[in-house]
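Okay, thanks everyone, I'll keep this short. Have a look at the structure on the screen, and I'll walk you through the strands, the helices and the charged pairs.

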Amino acid sequence: MAIDHNDRLKVQITSTRDNVNADAFLEVFQNTLALLKSINRQQSEFGSEDVEWEIADAGLNSPIFADITGVEKTSRNGSSAPEVIGALLQGMQHLETNNTCPKFFGEESLTYATNLVHAFARGVTDIRYSAGTLESHATHSMSQNANHAIQTLEQRRAKKSGQYIEVGTIEGRLRGATEFKRRDKIDIVDALTGDTTPCYCEGERLDALVRKAWKHRVSVSGKITVDRYTGKPTKMIVEDIRILGEGDLPKMEDLHGIDITHGVESSDYVRDLRNAEEA
């Protein structure tokens, strides 16, 4: 396949301020670098990174910019960098108008693409990528489409494992926090059943909420992976955490009369859920 771009990815950041916010610049740059590495692993024959990324040029003029170039770790001739850069630009162009997963993207790279727009909250107005004749922009619509593509991939994976994903809330006591590279894990223990649900968080805002809510009763909202056959949550991707008072514990009488099937007989309800997933 002919490549109509060179081996330099130019990242340009425009801001409402005279100087771009340092945290915003670092966030864009870090997610861009992580995106390049993720795509490189997707393209690599053995799923490993074979390109090193370097700063070839940078400037503080408006807009602020950085040129990123790559060289192969083995031959040092940079022959695969244009393919990685091209996949990034073409993938982001795809996400500007489509909510399906682009070629050489996965859940990890889609997440990095989604995170790019966080910089808009710090005064950034435009994030432009270019190389040769190719150009793309990080936009809110691109981020929304990437998030939809992530949910689709999660649903497919969950379906294969006998699970489904829904948006909902879990209440319980926050226990056991574990730090991971991409997402920190907390455990939510149900006060009535004693069941523990692992919940995964990312972002500074959730880090602060976890520290504040440590060992408290909480209401945790986000995307819940549910076992299709037991109906129990197996994990959650956390979007929000709210601390509850001890007086908010549910009473047994509150549990009676709850109709989750909307009047449909339970066996028919489960069968309809399975048919809907298989459709």
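So, let's start with strand 1, which pairs with strand 4, residues 124–131, in the antiparallel sense, over 6 bridges. If you want one spot to click on there, take S15: its bridge partner in strand 4 is V124. And before I go on, this is a predicted model, so keep that in mind for everything I say.

Strand 1 has another partner too. With strand 3 it forms an antiparallel pairing, again over 6 bridges. Here the residue to pick is V11, whose bridge partner in strand 3 is A66.

Now, which residue does K10 form a salt bridge with? It's D67, and the closest N and O atoms are 3.0 Å apart. K10 sits in strand 1, residues 8–15, and D67 in strand 3, residues 64–72, so this pair ties together parts that are 57 residues apart in sequence. Are the two ends buried or exposed? K10 has 24% relative accessibility, so that one counts as partly exposed. D67 is down at 6%, so D67 counts as buried.

By the rule used here, the count comes to 11 salt bridges. Let me show you two others. E49 pairs with R41, with the closest N and O atoms 2.5 Å apart. Both ends come out at 25% relative accessibility, so E49 is partly exposed, and so is R41. Then there's E135 with R128, where the side chains meet at 2.8 Å, N to O. E135 is partly exposed at 35%, and R128 is partly exposed at 22%. And coming back to K10 and D67 for a second: through shared salt-bridge partners, they join up with R8 into one network.

Okay, rotate to the barrel. How many strands does the closed barrel have? There are 5, running 6-7-8-10-9, and the pairing is mixed. On average, neighbouring strands of this sheet are turned by 50° against each other, ignoring direction.

Within the barrel, let's zoom in on strand 7, residues 184–189, and strand 8, residues 196–201. Those two pair in the antiparallel sense over 6 bridges. I188 is a handy marker, with T197 as its bridge partner in strand 8.

Next, what packs on that sheet? Helix 4 does, residues 140–160, and it touches strand 6 (163–178), strand 9 (217–227) and strand 10 (233–244). The direction of helix 4 makes about 90° with that of strand 6. Then you've got helix 5, residues 204–213, which lies across strand 6, strand 7, strand 8, strand 9 and strand 10. Helix 5 runs at about 75° to strand 10.

Last thing, and you'll want this before you set anything up: confidence. The mean pLDDT of the protein is 82, and 82% of its residues reach 70 or more. Where is confidence lowest, and where is it highest? The low end is helix 6, residues 252–255, at a mean of 42, and the high end is strand 4, at 96. Over residues 1–5 the pLDDT is below 50, and that stretch has 11 contacts in the model beyond near neighbours in sequence. Residues 250–262 are also below 50, with 5 such contacts.

That's my tour. Happy to take questions.

Note on methods: Residues are numbered from 1 along each chain as its sequence is written. This is a predicted model: local features need pLDDT of at least 70, side-chain atom pairs count only at pLDDT 80 or more; totals for chains, interfaces and linings use all residues. Side-chain values use heavy atoms; hydrogens and water are left out. A salt bridge is a side-chain nitrogen of Lys or Arg within 4 Å of a carboxyl oxygen of Asp or Glu. Helices (H or I, at least four residues) and strands (E, at least two) are DSSP runs, numbered from the N terminus. Buried means under 20% relative accessible area, exposed over 50%, partly exposed in between (1.4 Å probe, protein chains only). Two strands pair if DSSP finds at least two bridges between them. Axes are lines fitted to C-alpha atoms, for helices over the stretch in contact, and angles run from 0 to 180 degrees between N-to-C directions. Contact means heavy atoms within 4.5 Å. pLDDT is the predictor's confidence in each residue, from 0 to 100.
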